[in-house]
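Hello,

Here is the structure we spoke about, with notes on what was found in it. Please read them with the model open beside you.

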Amino acid sequence: MSQRTILTGVTTTGTPHLGNYAGAIRPAIESSLTTEAHNYFFLADYHALIKCQEPERVRESALAIAATWLASGLDPEKVTFYRQSDIPEITELSWILTCVAAKGLMNRAHAYKAAVQENEESGSADPDKGITMGLFSYPVLMAADILMFNATHVPVGRDQIQHLEMTRDIGQRFNHLFGETFALPEAMVEETSMVLKGLDGRKMSKSYHNTIPLFESEKKFRKLINKIVTNSLEPGEPKDPDTCTLFGIYAAFASEDDVANMRRQYEEGIGWGEAKKQVFEHLNELLKDKRETYNELISDPAEIDRILAQGAEKARAQATPLMQQVRKAVGIGPLAG
Ligand code: TRP
């Protein structure tokens, strides 16, 4: 296969933060604007149900994440941008793949194993306590997401490599049983991808409650930048940029020249108040217009629905015929043949 097909899914939970932007959203959008490959970006809203059973939050997260990607420059004309739940073929394929996937393979999935281990450590009599079939069979749904569009390359974080191996395993098994149908995808792990530190100096992550939301109001954004932990060095004392959370955040959003300039100021003993002011001003300038677009989009969800509906139409033009082929291959369909 010569043409690359790149596919990325984002589970719609929570609100995107600076770390998501620098580590995933920005590189994905940049690459979609510069490659010749087919690009599929989708909102994995059925995956969200695995983690969240509050309907209002499920809906709000999908809205926030769709608006974030669009405001960040995703071009829905250039990529196929859709919502997983708008493509019924995906869940249909997921069942067929469930009937092909080995249960033993799923027993080894990290997310499931971690949940079992937690139960065991807390002394529960039932190792499967609180574990839904959604969590258990989630790698099969992910395989359906990927195989449905014959993706060849899937950019993922390290934690998702195992899911890509499972996808290949399931795809291969299907091809072996029913004839060559699916392309086997490769994981694209971005070794150099940026990891930002959060307010407390640990990795910026929702689970640590230390994030800086990407499109917070200007006032709150300033407040959060001011809350980033530094140390007790006084103005005039030289500071180490390389261990500094604030500097790391700045560096993810500044040009080489600006970073060199900030580094010099650290060496010259810039005060923390002044450094935070400069970081806020720089980031705010960079995000201001996007924030405005984001707010406009959020206040007009029907427009986002329209954009997603167009994406779904493009996606289904692929998914419908492939699904017909799959059904036929497994012997489901009109009895008259
Ligand atoms: N499971 C992925 C995550 O949590 C999200 C996802 C769902 C995905 N389906 C996908 C990523 C398909 C890539 C391809 O990050």
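**Salt bridges**

E56 and R59 are about one helical turn apart, because they sit 3 residues from each other in helix α3 (residues 55-71). Their side chains form a salt bridge in which the closest N and O atoms are 3.5 Å apart. E56 is partly exposed, with a relative accessible area of 46%, and R59 is also partly exposed, at 47%. Please keep in mind throughout that this is a predicted model.

A search of the whole structure finds 12 salt bridges. Among them is the one between the side chains of E54 and R57, at 3.2 Å from N to O. E54 counts as partly exposed, with a relative accessible area of 42%; R57 is partly exposed too, at 42%.

Another is made by the side chains of E89 and R316, with an N to O distance of 3.1 Å. This pair links distant parts of the chain: E89 belongs to helix α4 (residues 88-98) and R316 to helix α13 (residues 301-330), 227 residues apart. E89 has a relative accessible area of 5%, so it is buried, whereas R316 is partly exposed at 34%. There is also a network, in which salt bridges that share partners join R83, D86 and D305.

**Overall make-up**

The protein chain has 337 residues, of which 46% count as buried. It contains 13 helices and 5 strands. Taken along the principal axes, the C-alpha atoms fill a box of roughly 85 × 50 × 40 Å.

**Strands β2 and β3**

Strand β2 (residues 38-44) pairs with β3 in the parallel sense, over 4 bridges. One position to look at is F41, whose bridge partner in β3 is F81. Within strand β3 (residues 80-83), T80 and Y82 point one way while F81 and R83 point the other way, and all are buried. R83 is thus a buried residue of this strand and a member of the network with D86 and D305.

**Loops**

Two residues other than glycine have positive phi values that you may want to check. For N150, phi is near 45 degrees. N150 is placed in the loop between α7 (133-147) and β4 (153-156), and its relative accessible area of 22% makes it partly exposed. For H209, phi is about 55 degrees. H209 lies in the loop between β5 (186-189) and α9, and is exposed, with a relative accessible area of 71%.

I212 is also in the loop between β5 and α9. At 0% relative accessibility, I212 counts as buried, whereas H209 is exposed. I212 and G19 are 193 residues apart in sequence, but their C-alpha atoms are 8.0 Å apart in space.

**Surface charge**

Which residues gather in a patch of positive charge on the surface? They are K219, K220, K223 and K227. K220 is found in helix α9 (residues 218-227). At 48% relative accessibility, K220 is counted as partly exposed, because only values over 50% count as exposed.

Regards

Notes:
Residues numbered from 1 in each chain as written. Predicted model: local features only at pLDDT ≥ 70, side-chain atom pairs only at ≥ 80, totals over all residues. Heavy atoms only, no water. Buried < 20%, exposed > 50% of the residue type's maximum accessible area, 1.4 Å probe, protein only. Pairing = 2+ DSSP bridges. Patch = residues over 30% accessible without salt bridge, like charges linked within 9 Å, V, L, I, M, F, W, Y side chains within 5 Å. Areas by Shrake-Rupley, 256 points an atom, 1.4 Å probe, with all protein chains shown as cover. Salt bridge = Lys/Arg side-chain N within 4 Å of Asp/Glu carboxyl O. Lys, Arg positive; Asp, Glu negative; His and termini not counted. Charge placed at Lys NZ, Arg CZ, Asp CG, Glu CD.
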